Amino acid sequence: MPPSADDVTPQRGPAGTPGRPAGDTQDVVRLRAALRAHAAADGPAAERAARLELEAVGDPLLDRLFPRLLRHCHGMVTSEGAFRPRNALFDADDLAIEAWERTLRYLKEPSGDRVETDQHLWNLLRCAASNRLVDRLRRHSDELAHQAPQDADVSEEERLESAGAAAQPGPERDALLWGADHRGWRLVELLFRHEERFHVRFRLVTDRHPRQFRALVLYELGALLHREVNTPAATPAGRRQECSLMRRYAALLGIPPADWARVEQAAVAEEEDPGDGALIPGLRDAVNALCDTSVRTRTGLTTLRYELKRILKSPPARALEWK
Amino acid sequence: MDVTTPPTDHTVPGEDDVLAFLAGFADADTEHRVLVAALTDPALRSRLAANGALLAAGDAAESAPLSSEEAIALAARAAALRRRPPTPTGPGVPTIPLADRLRSAGRRILDFVGGPVTLPGLAPALAAPPVDSVALHRQAFDSPDGARVELHQLPGDPPRLRAIVDTGRPAASGAFVTLHFSDGEGGAQAALPVALNEQGRGLAEAMLGPGSDGLLLPAREGWQLVGVELSESGAGGD
C-alpha cells in the first residue's frame, strides 16, 4: 500500500534496489568516491581515468535505476488530484534526468556522506524528482498568478500554498515549540527521557516535580496543534500534515509515542476554543491524566512556563550537552 | 565544546536538508532543524505536503502492474534516455561530463558532413530536368567514422526519395536515425526517420512533390541535409 500523501515520515520506497538488498552500501559508496575523485582530478590523464571509473560505477546503477525512476516520475506528472492540471505541463523524462543530476551533485558534496545505502540513494532520487517538480509547480503557479490573479479555479493544494504564503511565522508560535533551539531540545528530552536526571540536575533551581513541566510541554504542543488544525483555512490534507509533522517532532523531543497519541487525539477532537484564557477541556484532562497532575487554569500554566524558562536560563541548563 | 552557542540554532534548512529529511536519512540535528522550520513556517509545511503527495503518486505508479506494451515502451524510452556512446579514450580526446552526456543521450548528433541535396526531383516541377525512367539519381554523405547516408531518387510520378543509412556498427532493437533537412533559409525544415536493423543499417522512402499531404519534402530547390541524429544510440555499440 503506498504511503499517505500527507505522511512526512521517511519514505522508504516500495522495495530495495532491484536485485539487491535494501541495505547494500557497495554501489553508493563507490559512486560517491568516483564522483569526488572526478571532481578533484587534476590534468587530462587523471580526469580521463576518473571518468572511466565513474562510468564503470555509474552506468550499471543508471541501467538499473533509471527505468524505475522514469516510471516514478511519470506517475508523479500524471497523478490524479489537485496537481494534475499543472503536472501535465511537465515532462517525466526531463524530470528524471534532472533528478539524476541533482542526486549526483548531492552525493559529491559533503552532505552526500549521509547517503549510506543503496536504498538511501533510491530515496534521494525520488525525493529530488518530487522536490524539483514542486519547484516547477510553484514557479508556474507564480507565473499564472501574475497573469491571472482573479483565477477562481483554485485547487486545494494551491489554497494551501496561498495560505502558507500569507501566514507569517511568529515568535509566539516558535516559543510554544519549547525544543526549538538546541538547549530547549535537550532540556525537554531530559524531561521526558531521563526524569530522574532532570530532577537531580535542577533540584536547586526548582522544587517542582518534573511531571508538572511535562504537563506544560504536552499541553502547549497540543494547544498549538489544536489551534492549527482548527484555523478556518486548514484543509483536511493540511490537518493531517500538521499532525504528522507534530508527531515526528514529539518523537524527536523524546515524548513517548503513546503519550503523544493521547494528546493528539484530544487536540484534534472537534472542540471550540473556550476563550477567555481558559484551557481546552479535553486536552487539559488528557494531559492531567497522562502526567498525574491537576493543572486547571491558564495561571497555573503561566507559572510553570515562567519556571521552565528560568530553568532554561540557569547554569545547569547552560551546561547541557547538546550532542 | 561550548554548549552555550550551538552553531545551527535557528538556521534555515537548505534544499539538501529538506531532501535528506524527505528521503529519511537526515541526522537528528537536520531533522530537528527542518521540523522546527516546518512547524513555524507554513510555506515549508506546504512544500513538504506537496512532496508527500507527489511521492505517493510516484510510488503508486511504480507498484502498479504494467501491460507488456507499456513495459516495452517504458524500457525503450529509458534506454533512449540513458544510453550513450562509449567514451573515447585516445589522447587529446575531450571528455564530456556524465550529466551532460545523460542530458544529450538519445539525441546523439552524428558527425556527418552535410550539404545541398541536388536530386532533380526536389526542384520545382517546372524547373526540374526530365528524368530518365531508368536512371537512378543518387547522392551520398559520409561521416568521418565510416557511417554513410545515401539518398536515391527513384523513378516514377511523383518521384520518390529513398534514404539508405549504414551506421557501420551494430544497433540495438528499436534504434533509428533521423535525417534533418532544411531549405537553407531557416524557414522550412523536414525530418525523415530511418529505422535501423541489428547491423545498424536502415532504409526509408518518401514521396517528393509539390507539397501535398503525405509528401515528405515539398519539391523546391535549396534543400540541404543539415543533420543526422541517432535517436537511440544502440548503434554506438554500448
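Leaving aside its neighbours within four places in sequence, B:Phe21 is in contact with B:Ala26, B:Thr30, B:Glu31 and B:Val34 in this predicted model. B:Phe21 belongs to helix α1 of chain B, which covers residues 15-23, and B:Phe21 counts as buried because 25 other C-beta atoms lie within 10 Å. One of its contact partners, B:Glu31, is ten residues away along the chain, and the C-alpha atoms of B:Phe21 and B:Glu31 are separated by 5.9 Å.

**The two chains**

Chain B contains five helices and ten strands, whereas the secondary structure of chain A comes to 15 helices and zero strands. The table sets out two further values for each chain.

| Chain | Buried residues | Contacts (separation of 6 or more) between residues 24 or more positions apart |
|---|---|---|
| Chain A | 42% of 323 residues | 69% |
| Chain B | 37% of 238 residues | 61% |

The mean pLDDT of chain A is 77, and 76% of its residues reach 70 or more. Over residues 1-23 of chain A, however, the pLDDT is below 50, although this stretch has 59 contacts in the model beyond near neighbours in sequence. Residues 148-171 of chain A also stay under 50, and for them the model has 29 contacts beyond four places in sequence. Where pLDDT is low, the predicted coordinates should not be read in detail.

**Nonpolar cores**

In soluble globular proteins, nonpolar side chains tend to be buried together. The largest nonpolar core here has 104 residues, of which A:Leu69, A:Cys73, A:Ala96, A:Leu125 and A:Ala129 touch the most other members. Not counting residues up to four places away in sequence, A:Leu125 touches A:Leu65, A:Leu69, A:Ala99, A:Trp100 and A:Thr103. A second, separate core of 17 residues includes B:Ala163, B:Val165, B:Phe181 and B:Trp223.

**A strand with two faces**

B:Phe181 also appears in strand β6 of chain B, residues 176-182, along which the side chains alternate. B:Val177, B:Leu179 and B:Phe181 point to one face and are buried, while B:Phe176, B:Thr178, B:His180 and B:Ser182 point to the other face and are not buried. This strand, β6(B), pairs in the antiparallel sense with strand β10 of chain B, residues 224-230, over six bridges, and within the pairing B:His180 stands opposite B:Gly227 in β10(B).

**Helices of chain A**

What span would a straight helix of 34 residues have at 1.5 Å a residue? The expected value is 50 Å, but helix α2 of chain A, residues 44-77, spans only 41 Å between its end C-alpha atoms. In α2(A) a kink of about 40 degrees lies at A:Leu65, shortly before the proline A:Pro67.

Helix α10 of chain A, residues 210-229, has 20 residues that should span 28 Å at 1.5 Å a residue, and its end C-alpha atoms are 29 Å apart, which agrees. Because 17 of the 20 residues of α10(A) are buried, this helix is largely enclosed by the rest of the structure.

The twelve residues of helix α8 of chain A, residues 182-193, should span 16 Å at 1.5 Å a residue, and the end C-alpha atoms are 16 Å apart, in agreement. Ten of the twelve residues of α8(A) are buried, so α8(A) is likewise largely enclosed by the rest of the structure. Among these buried residues are A:His182, A:Arg183, A:Trp185, A:Leu187 and A:Phe192. The buried residues of α8(A) pack against α9 (195-201), α10, α11 (236-253), α14 and α15 (315-318) of chain A, together with α2 (28-40) of chain B.

**Two single residues of chain A**

Is A:Arg32, a residue of helix α1 (residues 26-40) of chain A, buried or exposed? A:Arg32 is buried, because 21 other C-beta atoms lie within 10 Å, and the cut-off for this class is 20 or more. Leaving aside neighbours within four places in sequence, A:Arg32 is in contact with A:Leu107 and A:Gly112. A:Arg32 and A:Val57 are 25 residues apart in sequence and 9.5 Å apart in space, C-alpha to C-alpha.

A:Asp292, by contrast, counts as exposed because it has 11 C-beta neighbours inside 10 Å. A:Asp292 lies in the loop between α13 (281-291) and α14 (298-313) of chain A. Most residues other than glycine have a negative phi, yet the phi of A:Asp292 is near 55 degrees, a positive value in a residue other than glycine.

Definitions and conventions: Residues are numbered from 1 along each chain as its sequence is written. Chains are lettered from A and ligands numbered from 1 in the order in which they are written. This is a predicted model: local features need pLDDT of at least 70, side-chain atom pairs count only at pLDDT 80 or more; totals for chains, interfaces and linings use all residues. Helices (H or I, at least four residues) and strands (E, at least two) are DSSP runs, numbered from the N terminus. Two residues are in contact if their C-beta atoms, placed from the backbone, lie within 7 Å. A nonpolar core is a set of buried Ala, Val, Leu, Ile, Met, Phe, Trp, Tyr and Cys residues joined through C-beta atoms within 7 Å. The expected span of a helix is 1.5 Å times one less than its number of residues. The bend at a residue is the angle between axes fitted to the seven residues ending there and the seven starting there. pLDDT is the predictor's confidence in each residue, from 0 to 100. Two strands pair if DSSP finds at least two bridges between them.
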